[in-house]
Amino acid sequence: MTEPSHAVDARSVSMVFNAGTSGQVDALVGVDLVIEPGEFVSLIGPSGCGKSTLLRLIANLLPPTSGEVFVNAKPASQARVDQDYGMAFQKSGLFDWRTVSKNVELPLELKGWSKTKRQARAQEMLELVKLPDRGGHMPWQLSGGQQQRIAIARALAAHPPLLLMDEPFGALDEMTREHMQAELLQICAATKTTVVFVTHSIPEAVYLSTRVAVMSAGPGRITDLIDVDLGRDRDEDTREGDEFYKKITEVREALRGAELTGPPTGIDDR
Ligand code: ADP
């Protein structure tokens, strides 16, 4: 068994897809990644380097071709059954026919919570994401940023120890995106949630993370793990500090190093 303290423990994980006539794709080869509780780890790298695949393996939405994944000190399959993690994607995935509150209540319904308990928790979560008076609205009545906040509220409603996010802010404009990043850090601090976060944006990865995993394609693997020692209390000033720029440069250079073995595409340098 894995050490009880690890939030995620991926050991020698490889994933080969059968891509029909184009043969096999080595989406991930020999990936080792240990994430401790309370960490915020971003996965960054060119399109096709296996970021989403790694996230899906941690979520047990896919079984690895070889290797093992433990979540919360259990096999990932058991953690999935126990709903030890919440997920949020670029598309909020809210159900348009359910009110905002009913969307947030969904994972609690699946867990068999009573109506009163569900409603109380949904309201608590709406307050956490700063939309306390939107419970009765329909998702389509909200802006893109607000919909993402509701998706985060839903993902965290059952208080899972782990949040898995795949480019959740990728479709938002730059100002809203920065605002959401700051709010996400506040939410994580308040809930003590561990986060694994897929992004194409170097500044986003640096601003949010305690560690950045730099990945490379062909075959997909982790080439660098960079500590982001900017402290935990980050705000708008953080983005203008020298340390922030230095860290962005360090990640960019690590990505360039990784590119030497795989074609670069789709990295967002803003
Ligand atoms: P990223 O998230 O870094 O853009 P992905 O994890 O989506 O990369 O994909 C990694 C590689 O695996 C890519 O070459 C992609 O085409 C391939 N791939 C992903 N999912 C499948 C699948 N279901 N079937 C075949 N190939 C896949």
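Visitor: What volume does the second largest pocket have?
Guide: This is a predicted model, and the volume is computed from it. The second largest pocket has a volume of about 300 Å³.

Visitor: Which element gives the largest share of the lining of the second largest pocket?
Guide: The lining has 19 residues, and Leu185, Gln186, Cys188, Ala189 and Arg232 lie nearest the centre of this pocket. Two elements, α6 (174-191) and α7 (202-208), each supply at least two lining residues. The largest share is five residues, and the element that supplies them is α6.

Visitor: How many residues in the lining of the second largest pocket are charged?
Guide: Sort the lining by class. Seven residues are nonpolar and six are polar. The number of charged residues is six.

Visitor: How much space lies in the largest pocket?
Guide: Start with its walls. The lining has 17 residues, and Tyr85, Gly86, Met87, Pro107 and Ala155 lie nearest the centre. The space in the largest pocket is about 420 Å³.

Visitor: Which element gives the most to the lining of the largest pocket?
Guide: Three elements give two or more residues to this lining: β6 (85-89), α3 (100-110) and α5 (144-156). The top contribution is five residues, and it comes from β6.

Visitor: How many residues in the lining of the largest pocket are nonpolar?
Guide: Divide the lining by class again. Four residues are polar and two are charged. The nonpolar residues number 11.

Visitor: Which element supplies the largest share of the shell around the ligand?
Guide: The ligand is surrounded by Phe17, Val25, Ala27, Pro46, Ser47, Gly48, Cys49, Gly50, Lys51, Ser52, Thr53 and Arg56. Both β2 (24-35) and α1 (51-58) supply at least two residues of this shell. The largest share is four residues, from α1.

Visitor: How many residues of the shell around the ligand are charged?
Guide: Look at the classes in the shell. Five residues are nonpolar, and five are polar. The charged ones number two.

Visitor: How far from an oxygen atom of the ligand does a backbone N or O atom of Gly48 lie?
Guide: Several backbone atoms face ligand oxygens. A polar backbone atom of Cys49 is 3.1 Å from a ligand oxygen. For Ser52, the distance is 2.9 Å. For Gly48, it is 2.7 Å.

Visitor: What percentage of the accessible area of the ligand does the protein cover?
Guide: On its own, the ligand has 560 Å² of accessible area. The part covered by the protein is 64%.

Visitor: Which side chain does Arg211 meet in a salt bridge?
Guide: Side chains of opposite charge can pair when their charged atoms come close. The structure holds 15 salt bridges. In one of them, the N to O distance is 2.7 Å, and the partner of Arg211 is Glu39.

Visitor: How many residues apart are Arg211 and Glu39?
Guide: The pair links distant parts of the chain. Arg211 is in strand β9 (residues 211-216), while Glu39 is in the loop between β2 and β3 (40-44). They are 172 residues apart.

Visitor: Which two residues does a cis peptide bond join?
Guide: Most peptide bonds are trans. Here there is a cis bond, with omega about -5 degrees. One partner is in the loop between β9 and β10 (221-227), namely Pro219. The joined residues are Gly218 and Pro219.

Visitor: What is phi of His159 near?
Guide: Most residues other than glycine have a negative phi. His159, in the loop between α5 and β7 (162-166), is not a glycine. Its phi is nevertheless positive, near 50 degrees.

Terms used:
Residues numbered from 1 in each chain as written. Predicted model: local features only at pLDDT ≥ 70, side-chain atom pairs only at ≥ 80, totals over all residues. Heavy atoms only, no water. Near = heavy atom within 4 Å. Polar contact = N/O pair within 3.5 Å; in protein donor to acceptor, adjacent residues only side chain to side chain. Areas by Shrake-Rupley, 256 points an atom, 1.4 Å probe, with all protein chains shown as cover. Nonpolar A, V, L, I, M, F, W, Y, C, P; charged D, E, K, R; others polar. 1 Å grid on protein atoms, 1.4 Å probe; cavity = no way out; pocket = protein on both sides within 12 Å on 5 of 7 lines; lining within 4 Å. Points joined across faces, edges and corners; volume = space filled by probe spheres on them. Salt bridge = Lys/Arg side-chain N within 4 Å of Asp/Glu carboxyl O.
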